[in-house]
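Student: Hey, I just opened this one and I've never looked at it before. Can you walk me through it?

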Amino acid sequence: MGRTLTRRATAALAGAIVIASTVLPSAQAGPPTRDARASVTVAEKRSASPMPRPPQLPRDFHGKGRWVVRDLDITVPFTWAGRDGDSQMVAGGPQYPIWFTNLIYHGTLYTLTYKWPGLTEHPCSRIPGFDLDQLNQALRGARFVGREILQGSPDRHVNHWRAGVVLPKKPPGKFLRFPLALGDVYVDQDNRSTFWQVLQFGVQNLYDPELDEWLVMDTFGHRPGRVTLPRRCSAASNGPTPHRAA
């Protein structure tokens, strides 16, 4: 853990140096070029643009991408689909080191982990009384981080949001508090219901040593997808709290 914290601190410092060297003019720099002035003008217009609306997961959608667990050096195929307000995530498969599914199905949150390094128990856990409306209600409380570009093929212009649960609830000041769960959500700037990337961090990722996992979408469409409750979950009684959230 100490090595990890040192690595992250070093990376942050290096990033700050790069940003400073890029943004701050040198003592020998001449007046800004026309291209530079145009870039500043575009940046000013973007900063003055109205606050975007928060993310909203649609009732019907389907997409494919990757589930990434960086500290385990594992990346597996990932699908995410919604139909009539139900939704399902599937990461990996029987031939991969990770395989799990999360569902919001008929007002209940399910999670079933078939495979995970070091895991020997595979129950289907369920939390009743959770649906799409409650998920979107939580997303409405997300904080806007900024407009960003996810570099790839193609580059994606996104709005970056952060949602989280911190306990205990205390006013500003010197209080002991813990980040129970945090999520960084990246949605398309032209459609807040198109999700391109999500970082999950917290107790919902208890199986991962560093508590963080990524979903990265390569496609995301707005037609109904396939949502199937596993047989093991259809017979499950009330179980322990899931380690993941759909």
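Student: Which element gives the largest share of the lining of the second largest pocket?

Tutor: That's strand 11, with four residues. Keep in mind as we go that this is a predicted model.

Student: Okay. How much space lies in that second largest pocket?

Tutor: About 250 Å³. The lining has 14 residues, and the ones closest to the centre of the pocket are R66, Q151, G152, Q197 and V216. The elements that give two or more residues to the lining are strand 10 and strand 11, the latter running over 212-221.

Student: How do the lining residues divide into nonpolar, polar and charged?

Tutor: Six are nonpolar, four are polar and four are charged.

Student: Let's zoom out. How many helices and strands does the protein chain have?

Tutor: Four helices and eleven strands. The chain has 246 residues, and 38% of them count as buried.

Student: Now helix 3. Which of its residues are buried?

Tutor: In helix 3, residues 132-140, the buried ones are L132, L135, N136 and L139. Looking down the axis of helix 3, these buried residues fall within an arc of 95°, so they line one face of the helix.

Student: And what covers the buried residues of helix 3?

Tutor: The cover includes strand 4 (99-105), strand 9 (178-188) and strand 10 (191-202).

Student: What's going on at the start of helix 3?

Tutor: A side-chain oxygen of D131 comes to within 3.2 Å of the backbone nitrogen of D133 there.

Student: Switching to loops. Is N205 buried or exposed?

Tutor: N205 counts as buried because its relative accessibility is 1%, and the cut-off for buried is under 20%. You'll find N205 in the loop between strand 10 and strand 11. Its side chain is joined to that of E213 by a polar contact of 3.1 Å.

Student: What about D190, buried or exposed?

Tutor: D190 counts as exposed, at 76% relative accessibility. D190 sits in the loop between strand 9 and strand 10. Its C-alpha atom is separated by 9.6 Å from that of P52, and these two are 138 residues apart along the chain.

Student: And where is L72?

Tutor: L72 is in the loop between strand 1 (61-69) and strand 2 (74-83). At 28% relative accessibility, L72 counts as partly exposed.

Student: What is L72 in contact with, leaving aside neighbours within four places in sequence?

Tutor: W116, P117, D208 and P209. Between L72 and P117, which are 45 residues apart along the chain, the C-alpha separation is 9.0 Å.

Student: I spotted some odd backbone spots too. Which peptide bond leading to P154 is cis?

Tutor: The one from S153 to P154, with omega near 5°. P154 is in the loop between strand 7 (143-150) and strand 8 (156-167). The bond from L167 to P168 is cis as well, with omega near -5°, and P168 belongs to the loop between strand 8 and strand 9.

Student: Last thing: what is the phi of D84, and of H106?

Tutor: D84 has a positive phi of about 55° even though it is not a glycine. It lies in the loop between strand 2 and strand 3 (86-92) and is exposed, with a relative accessible area of 54%. H106 isn't a glycine either, and its phi is positive at about 50°. H106 is in the loop between strand 4 and strand 5 (108-115), and at 60% relative accessibility it counts as exposed.

Terms used:
Residues are numbered from 1 along each chain as its sequence is written. This is a predicted model: local features need pLDDT of at least 70, side-chain atom pairs count only at pLDDT 80 or more; totals for chains, interfaces and linings use all residues. Side-chain values use heavy atoms; hydrogens and water are left out. Buried means under 20% relative accessible area, exposed over 50%, partly exposed in between (1.4 Å probe, protein chains only). The arc is that of the directions from the helix axis to the C-beta atoms. Contact means heavy atoms within 4.5 Å. A polar contact is a pair of N or O atoms within 3.5 Å; within protein, one must be able to donate a hydrogen and the other to accept it, and residues adjacent in sequence count only if both atoms are side-chain atoms. On a 1 Å grid over the protein atoms alone, a cavity is a set of points where a 1.4 Å probe fits but cannot get out, and a pocket is an open set with protein on both sides within 12 Å along at least five of seven lines; lining residues have an atom within 4 Å of a point. Grid points are joined across faces, edges and corners, and a volume is the space filled by probe spheres set on the points. Ala, Val, Leu, Ile, Met, Phe, Trp, Tyr, Cys and Pro count as nonpolar, Asp, Glu, Lys and Arg as charged, and the others, Gly among them, as polar.
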